[in-house]
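Please open the structure in your viewer and follow the stops below in order. Each stop names what to select and then describes what is found there.

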Amino acid sequence: MPLLREAAGPATIIRREDYTPPPFWIDRIELTFDLDPAKTRVLNKMVLRRNTEVPAQPLRLDGEELNLARVMLNGGGCSFKMDGDALVMESLPDGPEPFELEIFTTCSPEKNTQLSGLYLSQGDFFTQCEAEGFRRITYFLDRPDVMASYTVTLRADKDKYPVLLSNGNLVEQGELPDNRHFAKWSDPHRKPSYLFALVAGRLVAREQRIVTRAGKEHLLQVYVRPGDMDKTEHAMNSLVSSVIWDEARFGLALDLERFMIVATSDFNMGAMENKGLNIFNTKYVLANSATATDTDFANIESVVAHEYFHNWTGNRITCRDWFQLSLKEGLTVFRDQEFSMDLCADASARAVKRIEDVRVLRTMQFAEDAGPMAHPVRPDQYVEINNFYTVTVYEKGAEVVRMMQTLVGRDGFRKGMDLYFQRHDGQAVTCDDFAQAIADANPDSELARQPDAFKRWYSQSGTPRVTARGTYNAEERRYTLTLDQSCPATPGQAEKLPFVIPVAVGLVDAGGQDLALRLSGETHAVAGSRLLVLSEASQRFVFEDIDAEPVPSVLRGFSAPVIVDNGLSDAQLLHLLAHDSDAFNRWEAGQQLALRRAVAAIRAEGPVAAQPLDHAVVEAMRAVLRHPTLDAALKELVLTLPSETYIAEQLDEVDPQRIHAVREAMREQLAQALQADWVWAFEQHKDNGAYRPDPVSSGRRALAGLALTMLCLDARQTGDTVWPGKAYQRFKDAGNMTDRFNALSALVVSGQPLAQEALARFHTMFRHEALVIDKWFALQAGAPDRGGNILPSVRQLMNHPDFSLKNPNRARSVIFSFCSANPAGFHRADAAGYVFWSERVLELDAINPQVAARLARAMDRWKKLAEPYRSAAREAVARVAAKSDLSADVREVITRALAE
Ligand code: PHE
Ligand code: ZN
């Protein structure tokens, strides 16, 4: 059934400043489900009372796509009306006494292709309620500041749905007539509706019991479909590590007797932190060495941790309204990043994790902040909240929390977290409340000195620019570092006030050592890095007793989410690449050197230079690759050129084909100039013994994988067949998915004839492993474009029997891999990529508006494109906009993209 929508009615804008507390509280809710795919019956008994602190108003319950059968008030009949989707009751008892409402509705899970509310996945029932899915299950005050105690009874066929799960504790179960059974669950914690969940189906569980510090025993379970039990060990291990870590680092213990994770292959997002019953995309649960790569293992570790950490940051303390989303998401991303870093054995592995996180932030979030969807970490308005689960709210939000930790120190941050829980446990609060708790617990900190200025990180969008310029005075033995800041205008925000920016700085001497640093006015010099706090438009920092001009290493560890113009010469960058004690800035120096060459080659007139890199950079790269002590993971990051998307962000006018050509030329140059070194790197790192997904062995696999790709690329130039042959052999013989997929990818990426044979073989081997088939699709849709070959192959992939638009993972593996992750394949001079995009957005919108709206964002940056791309792109966006019955989700994205 097509979705019925208002034809191009004016969008309702929800504004943060309009927040008012709810006019009613719901203290208790008892839900009874008769589960049936075509028609599920939901009986909802609620105890409500007026919120006497706000003026008396009618009760307006949210609902969506529900069939209403009956409403009863205190056991008797009552009057109500429908106002759009809302169920409105105007004549409810006055006064603060509780009253009972009984609402009986039905819904159709099998028709729910949006995957929000109650839906079916491979015949099993799942729910997804964040942000506003609960209203698709029953009528309710579906907002996070209304917290109720839930009791849930599930009734269903015993054979089809032997497992019946909901939040909290199982309090009763038993048989029913007609081969049915029931289970009754009671959640001991009050919660907002977005944390409700139920699961029913044929599932099996891996179980583990653990004892927390207080001596309490808890049951941990990971539920999957029967064939997937052999892929649950890593998720369970990650969960156990998360429980231990949160107690050790933040004193936060598991507050439930039972904690469950359930995997589903149909899910819009990564995973969901429903109280005691986390529901996960299979992608972030299922792994064994034969089917999952090192990246998959690492992602599972951090997503399992992320959802578990939400139990305190999100569930115990939740958001007052959805504008405060980063209260839970920014903080929880910060926590999962810290967790992954704490699991690293050494500083180098920590730095590698940091570089990976920053790479995501800078490619995705900086682009978002510079485009039509730019919004503050705490947005001021939205049409569709689902469009604001963004890299800004998540990743920049995490950086804001990280800056607080940087400003108050690790111990101070722990004190702040303690105060936050002391003050707000059990409440629905704001981002301001969080920042204030951290500041109040650290009265002597730079954060407490200017809390309001710091909070601009929550209210001002856009990426701040910091300029760093040093001058050396030999006579006075002084080095003066001048830091300036500014922030470009963003939609709705023309002018910005200064941010509070922690800038970690080191001064590196000619021998490559960090100088001890003493600022003017201080008595003692301190070794290593210093934290400077820039809070005005311009500030000068004077370092004393400096014997010779040093090279400044600014923004070490990426201490703030800003763009730095450090004004360094190539020679200075080469010095940092060779010596910086800060691994992040060492990597960054290499990136900047490569970026400068890329930008120069792109801007140059005429055909693309065959060798865009100069001798010095090539030799510096060789030195890193051959370095005796740097570890493999860091080498792989340094030797990987900045992505086409990141390069595009540095340019005012973007020609995606030229960017691609230049980056490919640079890659081929590195492949050829370092050929002997790649051989050495491959041979040295290719064997890693029995598979373990730890940072050291995964770093070795990553470097061996890069080496193999470079060797196949070079072979393509020279006509050599030995390395492609070796890659094919490794593909066949690999003992784990990482090595196998890297070898396959080396063949595909370098356009080797053997790639087709390998792809066919790979498909046959893994045709029953959905997550592996996703990789197979993604690799082909994301492969380097050669003469426009990718779009036809994407169209072909969509005709493959394994393709389905309804499954989000599969749709993403083909369509997003092409439209969002393959710029040169997508941005075609003949506009066929854009036509493809507009067709898919419209097609997907009828099935799943959330997924469609994410795809719509592939065109965010169309205004930066050079002709002929720009006009063609605008036309495609306008074509989508012209459709009268777009979802609010897609409408909002498209409207913003077209706005002046
Ligand atoms: N709250 C989830 C998380 O970040 C993300 C999510 C949002 C999942 C909306 C589903 C729907 O952990
Ligand atoms: Zn989250």
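Begin with the whole protein chain and display its contacts. Among contacts between residues at least 6 apart in sequence, 71% join residues at least 24 apart. The model on display is a predicted one.

Keep the protein chain selected and show it as a cartoon. The chain contains 28 helices and 31 strands. Reduced to its C-alpha trace, it spans about 90 × 70 × 60 Å along its principal axes. A compact globule of 900 residues would have a radius of gyration near 29 Å, and the protein chain, with 28 Å, agrees with this.

Next, turn on the surface. The accessible surface of the protein chain amounts to about 34300 Å², and carbon and sulfur atoms account for 49% of that area. Of the 900 residues, 60% count as buried.

Now colour the charged side chains. The protein chain carries 102 positive and 121 negative side chains, and the centres of these two sets lie 2 Å apart.

Finally, select the zinc ion (ligand 2). Which residues coordinate the zinc ion? They are His 306 and His 310, each through NE2, and Glu 329 through OE, at 1.9 to 2.1 Å. Along the chain, these donors follow the spacing H-x3-H-x18-E. Helix H2 (residues 294-310) holds His 306 and helix H3 (residues 325-342) holds Glu 329, so the pair ties together parts that are 23 residues apart in sequence.

Remain at this site and select two of the donor residues in turn. Are they buried or exposed? His 306 is buried, with a relative accessible area of 7%. Glu 329 is also buried, and its relative accessible area is 1%.

How values were computed. Residues numbered from 1 in each chain as written. Chains lettered and ligands numbered in written order. Predicted model: local features only at pLDDT ≥ 70, side-chain atom pairs only at ≥ 80, totals over all residues. Heavy atoms only, no water. Helix = DSSP H or I, 4+ residues; strand = E, 2+ residues; numbered from the N terminus. Rg over C-alpha atoms; globule rule 2.2 N^0.38 Å. Buried < 20%, exposed > 50% of the residue type's maximum accessible area, 1.4 Å probe, protein only. Contact = heavy atoms within 4.5 Å. Areas by Shrake-Rupley, 256 points an atom, 1.4 Å probe, with all protein chains shown as cover. Lys, Arg positive; Asp, Glu negative; His and termini not counted. Charge placed at Lys NZ, Arg CZ, Asp CG, Glu CD. Donors = N, O, S within 2.8 Å, 3.2 Å for Na, K, Ca; no water.
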